[in-house]
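Q: I am new to this structure and would like a close look at one part of it. Could you take me through the helices and strands in the first part of the chain and how they pack together?

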Amino acid sequence: MRLQVPSEHPHGLSDAAFDALFTRDKPIIFAYHGYPWLIHRLTYRRTNHDNLHVRGYKEEGTITTAFDMTVLNDLDRFHLVMDTINRLPQTGAAGKALQQALAEKLLEHRHYITTHGEDMPEIRNWRWQVNS
């Protein structure tokens with residue numbers, strides 16, 4: 001409810017607080033675990049709503065791995081980075097090269113999961129690394 005204006009919900013962010021958090025003029029990619037339309041409905045009055053791009057549940061997928069469900073709904077790390085590159089033209093050739101590499105990784109993922117029925121080891125065995 002923080003995404004709404006205070007007049008709609010007592011916990012809503014003021015316009016100034018919302019703009020300080022999300023900016024008034026930059027692209028926003030919002031990865032949400034539910035239906036994207038909800039975030040759009042909660043933020044439709046905000047200054048930067050036209051630059052708000054919500055990625056969320058699209059009712060894609062079936063019995064598969066948790067990571068594959070995120071891929072099928074375009075919510076995985078690969079799709080989110082590719083989406084970011086699309087909205088930041090200043091990434092130039094390096095961005096396009098990274099986009100191509102990520103697209104190839106998604107093809108590799110699809111082939112691996114279809115063949116083996118589980119996520120690739122680099123996904124399945126990934127652990128957060130704490131740098132000291």
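A: Here is a walk through that part, starting with the whole chain and then moving inward.

Please keep in mind that this is a predicted model. The mean pLDDT of the protein chain is 93, and 99% of its residues reach 70 or more. The protein chain contains six helices and two strands, and from the N terminus on they run in the order α-β-α-β-α-α-α-α. The part you asked about holds helix H1 (15-22), strand S1 (28-31) and strand S2 (52-55), together with helix H2, which covers residues 36-43.

Let us begin with H1. Its buried residues are Phe-18, Asp-19 and Phe-22. Around the axis they cover an arc of only 95 degrees, so they sit on the same side of H1. On the face turned away from that buried side you will find the exposed residues Ala-16, Ala-20 and Leu-21. What covers the buried residues of H1? The cover includes S1 and H2.

Just after H1 comes Thr-23, in the loop that leads from H1 to S1. This residue deserves a short stop: its phi is positive, about 75 degrees, although Thr-23 is not a glycine. Is Thr-23 buried, exposed or partly exposed? With a relative accessible area of 26%, Thr-23 is partly exposed. Further along the chain, Asp-74 also has a positive phi, about 60 degrees, and is not a glycine either. Asp-74 lies in the loop between H3 and helix H4 (77-87).

Now for H2. Its buried residues are Pro-36, Ile-39, Leu-42 and Thr-43. Looking down the axis of H2, you would see them fall within an arc of 130 degrees, and therefore they line one face of the helix. These buried residues of H2 pack against H1, S1 and S2.

With the two helices in place, we can look at what lies between the elements. The largest nonpolar core has 11 residues in all: Leu-3, Leu-13, Phe-18, Phe-22, Ile-28, Phe-30, Tyr-32, Ile-39, Leu-42, Leu-52 and Val-54. H1, S1, H2 and S2 each supply at least two residues of this core. You have already met some of its members, including Phe-18 and Phe-22 among the buried residues of H1, and Ile-39 and Leu-42 among those of H2. In soluble globular proteins, nonpolar side chains tend to be buried together.

One member of the core, Leu-13, is worth following by its contacts. Which residues does Leu-13 touch, not counting residues up to four places away in sequence? They are Arg-2, Gln-4, Val-5, Pro-6, Phe-18, Leu-21 and Arg-46. Of these, Phe-18 is one of the buried residues of H1, while Leu-21 is on the exposed face of that helix.

Finally, step back to see this part in its setting. A second, separate core of nine residues includes Phe-67, Phe-78, Leu-106 and Tyr-112. Over the whole protein chain of 132 residues, 34% count as buried. A compact globule of that many residues would have a radius of gyration near 14 Å, whereas the protein chain has 18 Å. Along its principal axes, the C-alpha trace spans about 55 × 35 × 35 Å.

Technical notes:
Residues numbered from 1 in each chain as written. Predicted model: local features only at pLDDT ≥ 70, side-chain atom pairs only at ≥ 80, totals over all residues. Heavy atoms only, no water. Buried < 20%, exposed > 50% of the residue type's maximum accessible area, 1.4 Å probe, protein only. Helix = DSSP H or I, 4+ residues; strand = E, 2+ residues; numbered from the N terminus. Arc of directions from axis to C-beta. Contact = heavy atoms within 4.5 Å. Core = buried A, V, L, I, M, F, W, Y, C linked by side-chain atoms within 4.5 Å. Rg over C-alpha atoms; globule rule 2.2 N^0.38 Å. pLDDT = per-residue confidence, 0-100.
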